[in-house]
Structure formats: structure tokens, C-alpha cells
Amino acid sequence: MSTLPVFRWHLAPDGYATRRQLRARDLRPGGQDVAAQLERPRRRGRPPLVAYLYRVDLAKPVRPMTPGRWRAHAGMMRARRTCPECHRDAGYVIPPTLGSCVTCAYPEEQRAA
């Protein structure tokens, strides 16, 4: 097993990109293995931050959104906006920390207003 080439932060050669950088170019890794990694040193003995790099020449185009994928995405977002207590669309993604819409989570403050 060979080890990955390691580059310092901001010093990766051309031809390598992170997942986000690939996505900005409308590309995806496309099943390829990680080709290299970036390391950003940190202070006080903490381990370095690591970012994995992929080869741009082996990247594939992002798959287009089909009508079925758009429907699935809309359904997923609808489920995240629907309050499990009052079953209404809150108009925003319900925070997992609350578990319900603000009106249901803090009913006493809604009556005082």
C-alpha cells in the first residue's frame, strides 16, 4: 500500500482539487480514490487539519437533476419544514434542537405577544 502525497495548505499543484472545488467546476470525483491530501498545521500540539484532493482529469461531470430527483428533494424539504406537533408547514426548516416549530416549542411566548 502506498502513502498519499501530502502538500501544505495552499501549496497543492495544479490538477488536484477538493470535493468543493470540483463541485464549483460542476464536476464530481466519479468513484476515483483520494489522490493526495492537504495539511494545515495547528498550534498547541493539535493534529493538522486535513483536506483530501482528487485528480481533476479523472473527475466526471455532475449528474443532472431529473424530474424524479427534484420531486424527491422537494418532498425531503417539505418534511423538514413540517411541524410534527401541529402538522403545519412552518415556512422554514425546523431546527432539530427544538423538534417542532417555534409556535409549538414556545407557546407561552406566543400568547403574550
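Me: Contact means heavy atoms within 4.5 Å. Which residues does Y54 touch by that rule, leaving out those up to four places away in sequence?

Reply: This is a predicted model, so read each contact as part of a computed picture. Y54 touches G15, Y16, A17, R19 and L22, and also P29, Q32, D33, V34 and A35. Y54 also belongs to the largest nonpolar core, together with A17, L22, L27, V56 and A59. That core has six residues in all. A second core, separate from that one, has five residues, including F7, L38, A51 and L53.

Me: Now the sheet. In what order do the strands lie?

Reply: A strand order is read across the sheet, by asking who pairs with whom. Here four strands make an open sheet, running β1-β4-β5-β2, and the pairing is mixed. At the edges sit β1 (6–8) and β2 (16–17), each pairing on one side only.

Me: Which way do β1 and β4 run, parallel or antiparallel?

Reply: Look at the bridges that join them. β1 and β4 run parallel, with three bridges between them. One place to check by eye is V6, whose bridge partner in β4 is Q37.

Me: And how many bridges link β4 to β5?

Reply: Five, in the antiparallel sense, between β4 (residues 36–40) and β5 (residues 49–55). You can walk along the pairing: A36 stands opposite L53, E39 is opposite V50, and R40 is opposite L49. As you go, keep one thing in mind: side chains in a regular strand alternate between the two faces of the sheet.

Me: What about β2, in what sense does it pair with β5?

Reply: Antiparallel again, this time over two bridges. Y16 is the residue to find there, as it stands opposite R55 in β5.

Me: Where is the aromatic pair that the search turns up?

Reply: You describe two rings by how far apart their centres are and by the angle of their planes. A search of the whole structure gives one aromatic pair. The partners are F7 and Y16, 5.8 Å centre to centre with 50° between the planes, and the pair is tilted. Y16 is partly exposed, because its relative accessibility is 23%. F7 turns up again in the second core.

Me: On to the cysteines. How many disulfides are there?

Reply: The test is simple: two cysteine sulfurs within 2.5 Å. By that rule the count is zero. C83 makes no bond because its closest cysteine sulfur, in C86, is 3.7 Å away, which is too far. Seen from the other end, C86 has C83 as its closest cysteine sulfur, at 3.7 Å, so a bond is ruled out there too.

Me: Are C83 and C86 buried or exposed?

Reply: C83 counts as buried because its relative accessibility is 1%. C86 is partly exposed, with a relative accessible area of 24%.

Me: What does S100 touch, again skipping residues up to four places away in sequence?

Reply: C83 is one of its contacts, along with P84, E85, I94 and A105. S100 lies in the loop between α2 (67–81) and α3 (102–105). Being in a loop doesn't put S100 at the surface: it counts as buried because its relative accessibility is 2%.

Me: Last one, backbone angles. Which residue in the loop between α1 and β3 should I look at?

Reply: Go to D26, in the loop between α1 (19–24) and β3 (27–28). Its phi is near 60°, a positive value in a residue other than glycine. D26 counts as exposed because its relative accessibility is 53%. Then try H87, in the loop between α2 and α3. H87 also isn't a glycine, and its phi is positive, about 60°. With a relative accessible area of 62%, H87 is exposed.

Key. Residues numbered from 1 in each chain as written. Predicted model: local features only at pLDDT ≥ 70, side-chain atom pairs only at ≥ 80, totals over all residues. Heavy atoms only, no water. Buried < 20%, exposed > 50% of the residue type's maximum accessible area, 1.4 Å probe, protein only. Core = buried A, V, L, I, M, F, W, Y, C linked by side-chain atoms within 4.5 Å. Phe/Tyr/Trp six-rings, centres within 6.5 Å; stacked < 30°, edge-to-face > 60°.
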